[in-house]
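Trainee: I've got a model open and keep tripping over the vocabulary. Could we go through it term by term?

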Amino acid sequence: MQHPLKHHLTLTLLALTSLSHFPPASPLTPCRTLCGTTAINYPFSIDDGCGAPQYRSMLNCTGTDLFFMTTSGRYKVQSIDYNKQTMVVYDPAMSTCSILQPHHDFVMTDVESVVIPPSSDTIFALLNCSIDSPVLNRYKNLCFNFSGHSCDELYGGCNAFRVFRSFTNSSPPCCFTGYDTVKYMSLNILDCSHYTSFINVDGLKGIGPADWVYGMKLSYAVPDTGCGRCTRSGGACGYDTETGVMMCLCSTSMNATRECAAGSNGDIGGAQKLALRTKFHAFALVVGALIYFVIFI
């Protein structure tokens with residue numbers, strides 16, 4: 001039978017060996033980084049107090065679906081390109097080449113219009129406009145031709161828009177325009193019954209409307225608030241929900257002004273320091289137990 005001392009020593013050595021396999025501790029921040037398969041990175045967030053305050057409450061995660069929120073509705077986020085700083089959204093209530101939806105405006109808040117407006121390669125098509133429409137008269141300079149496409153092509157090539165021809169046996173006026181037009185004038189003011197929008201217009205030359213990519217591409221900028229310093233220290237960038245002041249969120253119960261620990265100069269961060277302290281304390285306990293067994297047993 002194995003000697004009790006040898007048995008205790010064996011257990012002790014096993015415990016010492018296991019210390020080297022402890023996984024490093026991870027900071028527990030209150031900021032979720034995924035909605036379904038879509039990454040949620042700075043400056044965006046789906047939790048209040050996370051991300052940049054300029055983008056507060058703009059995104060909503062419902063189940064596995066991410067939505068961009070405006071005063072006119074919820075727009076499904078199809079993708080976010082953090083390198084190009086763009087977000088592609090789709091309005092489920094918008095008319096497209098394949099479906100005609102009820103009258104609907106696209107409205108953004110004043111803040112959204114400034115910090116994340118539709119990009120220059122997003123075009124809005126105003127459909128079934130009256131001959132008295134301001135974009136056909138006083139503001140006709142707001143309409144432009146793009147990639148050689150025409151109103152006749154939309155009304156003739158899209159099943160959903162052919163109905164507009166049935167009233168007069170001809171194509172009613174339409175207008176290809178940019179976001180600023182629909183930003184300042186609703187469809188009622190524009191005297192057009194419907195709108196649609198599509199993206200990546202530089203690549204649409206020679207392509208029929210049935211194959212266009214319908215939706216909106218929004219362009220945003222990342223605020224320079226020193227977020228990189230915070231993330232390098234193991235934290236998540238956020239802000240005080242009352243003052244809007246930038247904060248580095250280090251855990252669910254602790255935060256700092258700029259960083260969680262001195263991690264920006266090559267030093268280890270708070271999570272790594274916590275892991276090392278945990279290992280040291282466990283090591284000390286095991287060594288103490290080993291000495292006790294050797295002396296008293």
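Mentor: Sure, let's take sheets, then a loop residue, then disulfides. Keep in mind that this is a predicted model: local features need pLDDT of at least 70, side-chain atom pairs count only at pLDDT 80 or more, and totals for chains, interfaces and linings use all residues. Residues are numbered from 1 along each chain as its sequence is written, and side-chain values use heavy atoms, with hydrogens and water left out.

Trainee: How do you know that strand E4 and strand E5 pair?

Mentor: Two strands pair if DSSP finds at least two bridges between them. Strand E4 (residues 65-70) and strand E5 (residues 73-81) have four bridges, in the antiparallel sense, so they pass that definition. For one spot to look at, Phe67 stands opposite Lys76 in E5. By the way, strands (E, at least two residues) and helices (H or I, at least four) are DSSP runs, numbered from the N terminus.

Trainee: Which sheet do they belong to, and what makes a strand an edge strand there?

Mentor: They sit in an open sheet of five strands, ordered E3-E4-E5-E6-E11, with antiparallel pairing. Its edge strands are E3 (59-62) and E11 (216-219), as each pairs on one side only. Neighbours in this sheet are turned by 40 degrees against each other on average, direction ignored. The axes behind that angle are lines fitted to C-alpha atoms (for helices over the stretch in contact), and angles run from 0 to 180 degrees between N-to-C directions.

Trainee: What is the strand order in the open sheet of four strands?

Mentor: That one runs E8-E7-E9-E10, again with antiparallel pairing. Here the edges are E8 (175-177) and E10 (213-214). Strand E7 (residues 122-129) and E8 share three bridges, so they count as paired under the definition. In E8, Thr177 is the bridge partner of Phe124.

Trainee: Why is Asp47 called buried?

Mentor: Buried means under 20% relative accessible area, exposed means over 50%, and partly exposed is in between (1.4 Å probe, protein chains only). Asp47 has 17% relative accessibility, so it counts as buried. You'll find Asp47 in the loop between strand E2 (38-39) and E3.

Trainee: What does Asp47 touch?

Mentor: Leaving out residues up to four places away in sequence, Asp47 touches Pro30, Cys31 and Arg32. Contact here means heavy atoms within 4.5 Å.

Trainee: How do you know that Cys97 and Cys158 form a disulfide?

Mentor: The cut-off is a pair of cysteine sulfur atoms within 2.5 Å. Cys97 and Cys158 have an S to S distance of 2.1 Å, so the pair qualifies by that definition. The structure holds nine disulfides.

Trainee: Left- or right-handed, that link of Cys97 and Cys158?

Mentor: Left-handed, with -105 degrees about the S-S bond. Both cysteines are buried.

Trainee: What makes Cys129 and Cys192 a tie between parts of the chain?

Mentor: Their sulfur atoms are 2.0 Å apart, and they form a disulfide. Cys129 lies in strand E7 and Cys192 in strand E9 (residues 192-199), so the pair ties together parts that are 63 residues apart in sequence. With 105 degrees about the S-S bond, this link is right-handed.

Trainee: And where do Cys230 and Cys248 sit?

Mentor: A disulfide joins Cys230 to Cys248, S to S 2.1 Å, and it is right-handed at 85 degrees about the S-S bond. Cys230 is in helix H6 (residues 227-232) and Cys248 in strand E13 (residues 246-249), 18 residues apart.
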